[in-house]
Amino acid sequence: MLGEMLENVRKKSPLIQNITNYVTANDCANITLACGASPTMSDGEEEAVEMATLCDGLNINMGTLHPRSIKAMLLAGKQSNVCGHPVVLDPVGAGASSYRMETAAALLSEIQFAAIRGNISEIKTLANGKGSSKGVDADAADAITEDTLPDMIAFAKEYAGITGAVIAVSGAIDIVSDSKKAYVIRNGHSVMAQITGCGCMLSSLTAAYLAANPEHHLEAAAAASIAMGLCGQLAYDKMAAQQAGNSSCRNYLIDAVYHLTGEQLERGANYELY
Amino acid sequence: MLGEMLENVRKKSPLIQNITNYVTANDCANITLACGASPTMSDGEEEAVEMATLCDGLNINMGTLHPRSIKAMLLAGKQSNVCGHPVVLDPVGAGASSYRMETAAALLSEIQFAAIRGNISEIKTLANGKGSSKGVDADAADAITEDTLPDMIAFAKEYAGITGAVIAVSGAIDIVSDSKKAYVIRNGHSVMAQITGCGCMLSSLTAAYLAANPEHHLEAAAAASIAMGLCGQLAYDKMAAQQAGNSSCRNYLIDAVYHLTGEQLERGANYELY
Amino acid sequence: MLGEMLENVRKKSPLIQNITNYVTANDCANITLACGASPTMSDGEEEAVEMATLCDGLNINMGTLHPRSIKAMLLAGKQSNVCGHPVVLDPVGAGASSYRMETAAALLSEIQFAAIRGNISEIKTLANGKGSSKGVDADAADAITEDTLPDMIAFAKEYAGITGAVIAVSGAIDIVSDSKKAYVIRNGHSVMAQITGCGCMLSSLTAAYLAANPEHHLEAAAAASIAMGLCGQLAYDKMAAQQAGNSSCRNYLIDAVYHLTGEQLERGANYELY
């Protein structure tokens with residue numbers, strides 16, 4: 001079933017609107033193409049509604065916020081809701097400033113998200129209304145470990161119930177959950193934390209998977225996280241073999257997404273269901 | 001003669017002003033350096049006139065429009081006209097929103113372009129004043145095929161006559177035309193549609209070629225399209241040999257531009273004149 | 001001692017705020033991660049003060065200036081001064097427009113910089129209050145050669161005395177100087193001038209090195225310049241071996257920073273002290 005999620009992206013080639021930051025926009029566009037979807041990247045409030053109508057899904061990323069892009073996010077998000085297109089929220093650095101916290105709160109109150117994807121500190125910040133983000137990275141204190149896993153699963157399920165969104169928490173262990181069922185995913189590699197934009201890219205990927213699988217948002221989001229993790233592992237292997245570093249590894253990761261098949265995803269997936 | 005167009009870029013190293021989008025700006029800057037020219041990338045209205053005066057050519061790209069960048073485009077474009085520097089328009093996603101359509105119309109009415117470069121849907125949108133763009137990609141219905149080629153050549157020549165600009169239509173087949181003569185170019189590779197910014201990069205390259213060849217805008221624009229196509233083929237070959245994907249392929253493409261000689265361009269060029 | 005500067009970055013993993021341009025932001029973020037530090041990239045005035053407080057150092061880059069980012073630079077710079085965090089200025093293209101000149105003057109008058117890093121034309125523009133930049137590249141007339149070296153060292157020392165900042169001049173020969181002592185560095189490779197953002201990346205690197213070595217700003221800035229030069233040489237070697245070009249070379253350079261050790265830095269450093 002998870003492999004089918006991937007194949008549907010290649011079959012349907014959904015058009016994904018990304019209102020995102022200027023740091024990782026290029027990688028987000030290339031990973032969207034790599035998975036078989038097609039990106040638009042405008043953050044203009046003047047065209048946000050038209051773009052949302054034209055596209056099949058929307059990815060909202062809070063990386064480099066400014067008042068114009070926030071207006072575009074709200075307009076596009078509400079229009080996507082009207083059109084029935086899935087909307088993904090990536091609350092980058094949600095706890096790092098009050099501006100980010102307030103923006104996240106406004107987005108959550110105005111838009112019904114299909115999925116919210118971030119690191120554990122970001123997701124906790126949204127849920128608690130106050131944060132502890134160390135910039136854009138998760139706090140060590142928040143890390144998901146085998147010990148904290150049961151609590152984290154319960155938290156993700158609860159917050160999924162409150163928001164009506166699939167909650168996708170990325171880290172050494174990923175949790176992708178709706179209110180009833182949680183995928184606990186052990187794909188991925190630690191090098192991904194040393195590549196800027198791995199989270200952003202996963203959010204773009206998630207939007208593509210959701211748009212192509214409207215009836216299966218949980219499975220689609222889980223498949224996207226597994227695909228990203230698997231490709232991170234493949235990229236690390238190539239990086240190590242070539243004595244390359246994090247910049248080449250970013251290319252190898254997107255390259256791996258470009259080639260990944262549904263069958264490979266099924267075979268490589270390492271997860272449990274709770 | 002086409003090889004000479006390339007060599008003049010390396011000899012004269014023109015300074016090219018790019019008012020462009022934040023998604024592909026890095027690739028545009030690197031391809032400008034790769035071909036032997038030098039980029040400036042400011043989109044500030046405050047300095048648009050000074051930059052236009054300082055530079056030898058201007059590339060206007062509508063990828064991520066906002067009111068400030070549009071003002072910069074208009075100021076820099078008009079100043080470039082005053083200075084006699086060539087201006088290239090890349091009407092990214094022209095048909096995807098009324099904001100883009102209106103912006104394109106304003107640019108066309110205020111600035112005399114030396115070349116207009118886009119996919120067939122974008123160019124048709126400009127010519128017809130209404131669009132059918134599916135985001136930033138060409139509509140399948142618009143595709144240039146052997147069947148539609150004669151009509152497309154006639155269309156390009158006619159629109160070149162109306163605008164006084166070289167019209168460069170990119171796709172599986174490229175058409176680069178003034179009002180009298182059209183290059184029909186069969187270089188390039190389909191992978192280029194899976195790399196974000198191939199069109200943007202070609203527009204930067206075209207601006208550099210035009211600035212270095214003021215007496216031969218048609219041939220310069222054709223040489224730029226052929227160079228891009230040849231390098232796309234070379235990049236695909238390297239990508240396939242290394243089992244890489246679209247992200248590495250982007251690097252290989254710029255790398256190929258870095259090494260391309262006038263002789264290789266002449267030898268690899270695959271075109272007919274109409 | 002220079003190797004220690006590098007190792008302290010990996011040990012302390014400082015959080016570096018980059019208020020920078022959208023052309024090279026991705027490379028700046030990845031090189032910050034590669035050296036062992038952690039980047040934030042927001043240019044929002046709304047959160048500039050909070051980010052400056054949260055982070056351990058600040059890098060201000062004038063690449064694509066706009067009124068909002070200038071406000072963020074001033075707010076974050078002053079707050080970093082209050083917090084005792086080092087601030088680096090990269091006056092990109094300072095002489096290319098009056099807007100850039102005025103912005104640089106405002107930044108210099110409001111913020112105490114720990115280091116100012118640019119090419120010789122940019123630094124001269126700051127010192128003289130008028131410029132001769134050819135876009136973002138140094139004027140040939142300004143080039144540091146063996147003949148002009150003694151004058152350039154004297155200039156760097158004097159300007160360091162005036163500003164109270166370490167002055168880092170990048171070029172074929174680098175000069176990194178405070179008012180008393182100058183490192184004259186002969187690492188690096190000419191290919192670096194053909195990769196967009198090498199200067200920007202070095203400024204990010206310098207901010208990370210300074211933040212991790214608060215007692216040794218001169219040595220830290222020198223170590224950063226040497227590290228960048230060494231990695232440029234390594235990247236060129238790999239590029240040449242693989243017949244690659246400037247785009248791949250950019251990746252190899254960041255990759256090399258990812259692997260560089262303090263011992264390699266010590267061993268490869270090629271400099272004299274004046």
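Which residue of chain B comes closest to the rotation axis? In this predicted model, in which local features need pLDDT of at least 70, side-chain atom pairs count only at pLDDT 80 or more, and totals for chains, interfaces and linings use all residues, that residue is B:Tyr22, with its C-alpha at 3.3 Å from the axis. Residues are numbered from 1 along each chain as its sequence is written, chains are lettered from A and ligands numbered from 1 in the order in which they are written, and side-chain values use heavy atoms, with hydrogens and water left out.

A turn of 120° with a shift of 0.0 Å along the axis lays chain B on chain A with an RMSD of 0.0 Å (least-squares superposition on the C-alpha atoms of residues with pLDDT of at least 70 in both). The two copies are thus related as by a three-fold rotation axis.

A:Phe155 and A:Tyr159 form an aromatic pair, with ring centres 6.2 Å apart and 0° between the planes, which is stacked (centres within 6.5 Å; planes under 30 degrees apart count as stacked, over 60 as edge-to-face and the rest as tilted). The rings of A:Tyr183 and A:Tyr271, by contrast, have their centres 5.2 Å apart and their planes at 45°, so this pair is tilted. At 6% relative accessibility A:Tyr183 counts as buried, whereas A:Tyr271, at 33%, counts as partly exposed (buried means under 20% relative accessible area, exposed over 50% and partly exposed in between, with a 1.4 Å probe and protein chains only).

Technical notes. Phe/Tyr/Trp six-rings, centres within 6.5 Å; stacked < 30°, edge-to-face > 60°.
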